[in-house]
Amino acid sequence: MFSANIKVLVVDDMETMRAMLNNYLLDMGFKKIVMAVDGVKAIENLKAADKSGDPFQLIICDWDMPNMNGIEFLKVCQGDEKFKNIPVIFVTVEGNQKNILEAITYGVADYIVKPYTQSLLQSKLQRVLNRLQGAKQAG
């Protein structure tokens, strides 16, 4: 379904959500999945992956987390040349229009409101990865 070579970073403070996302992603064919409990750990993972020469191609991130929330994490990514082109999909309970607009303002690739199904996640991932592929072909 999806390429097993796509490296995905999942950022969520809830262990049950990380486990569920991991299972969904494995079911969809992803094999390179790394978990982080908050934005601080996610930044560490991004830097380590970049340094190792095996960078992430996709980030799935919660909004409400301790230490560094999703918007703060997104701002850091957008402010760094190495990470600003990695698509970030928010998966969050924050579904009001104000929050969605704020996320779009800071460059989120897509937005999923919890609770959600595996098929919704799959369709959002397909859309984001198709856009990414299209941008690479155009550039």
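# Exercises on a predicted model

Phe-2 is buried, and Phe-30 is buried too. The model behind these exercises is predicted.

**Exercise 1. Describe the ring pair formed by Phe-2 and Phe-30, and state where each residue lies.**

Step 1. The ring centres of Phe-2 and Phe-30 are 4.9 Å apart, and their planes make an angle of 20°.
Step 2. Planes under 30 degrees apart count as stacked, and the pair of Phe-2 and Phe-30 is stacked.
Step 3. Phe-2 belongs to the segment before E1, while Phe-30 sits in the loop between H1 and E2. The two residues are 28 residues apart, and the pair links distant parts of the chain.

**Exercise 2. Classify the ring pair of Trp-63 and Phe-90, and find the cluster that contains them.**

Step 1. The centres of the two rings, Trp-63 and Phe-90, are 5.4 Å apart, with 55° between the planes; this pair is tilted.
Step 2. Trp-63 is in the loop between E3 and helix H3 (70-78), and Phe-90 is in strand E4 (residues 88-92), so the pair ties together parts 27 residues apart in sequence.
Step 3. Trp-63 counts as buried because its relative accessibility is 7%. Phe-90, at 0%, counts as buried as well.
Step 4. Tyr-111 joins Trp-63 and Phe-90 in a cluster linked by ring pairs. In total, the structure holds five aromatic pairs.

**Exercise 3. Work out which way the side chains of strand E1 point, and whether they are buried or exposed.**

Step 1. In a regular strand, side chains alternate between the two faces of the sheet.
Step 2. In E1, Lys-7, Leu-9 and Val-11 point one way, and Val-8 and Val-10 point the other way.
Step 3. Five of the five residues of E1 are buried, and the strand is mostly covered.
Step 4. One residue of E1 also meets a ring: the charged end of Lys-7 sits over the ring of Phe-56, 4.8 Å from its centre.

**Exercise 4. Identify the strands that pair with E1, and give a facing residue in each.**

Step 1. Strand E2 (residues 32-36) pairs with E1 in the parallel sense, over five bridges. Here Val-10 is opposite Met-35.
Step 2. Strand E3 (residues 58-61) also pairs with E1 in the parallel sense, over four bridges. Here Val-11 is opposite Cys-61.
Step 3. Together with H1, strands E1 and E2 make a right-handed β-α-β unit.

**Exercise 5. Locate Asp-12 and list its contacts outside its neighbours within four places in sequence.**

Step 1. Asp-12 is found in the loop between strand E1 (7-11) and helix H1 (15-27).
Step 2. The relative accessibility of Asp-12 is 2%, so Asp-12 counts as buried.
Step 3. Leaving aside those neighbours, Asp-12 is in contact with Met-17, Arg-18, Ala-36, Val-37, Asp-62, Met-65 and Lys-114.

**Exercise 6. Explain why Cys-77 and Cys-61 are not bonded to each other.**

Step 1. A disulfide is a covalent bond between the sulfur atoms of two cysteines.
Step 2. The cut-off used here is a pair of cysteine sulfur atoms within 2.5 Å. By this rule the structure has zero disulfides.
Step 3. Cys-61 is in no disulfide, and its nearest cysteine sulfur, that of Cys-77, is 7.9 Å away.
Step 4. The sulfur of Cys-77 has its closest cysteine sulfur in Cys-61; at 7.9 Å this is too far for a bond.
Step 5. Cys-61 is buried, with a relative accessible area of 1%, and Cys-77 is buried with a relative accessible area of 1%.

Note on methods: Residues numbered from 1 in each chain as written. Predicted model: local features only at pLDDT ≥ 70, side-chain atom pairs only at ≥ 80, totals over all residues. Heavy atoms only, no water. Buried < 20%, exposed > 50% of the residue type's maximum accessible area, 1.4 Å probe, protein only. Contact = heavy atoms within 4.5 Å. Pairing = 2+ DSSP bridges. Right-handed = clockwise from strand over helix to strand, strands pointing away. Phe/Tyr/Trp six-rings, centres within 6.5 Å; stacked < 30°, edge-to-face > 60°. Lys NZ or Arg CZ within 6 Å of the ring centre and 35° of its normal.
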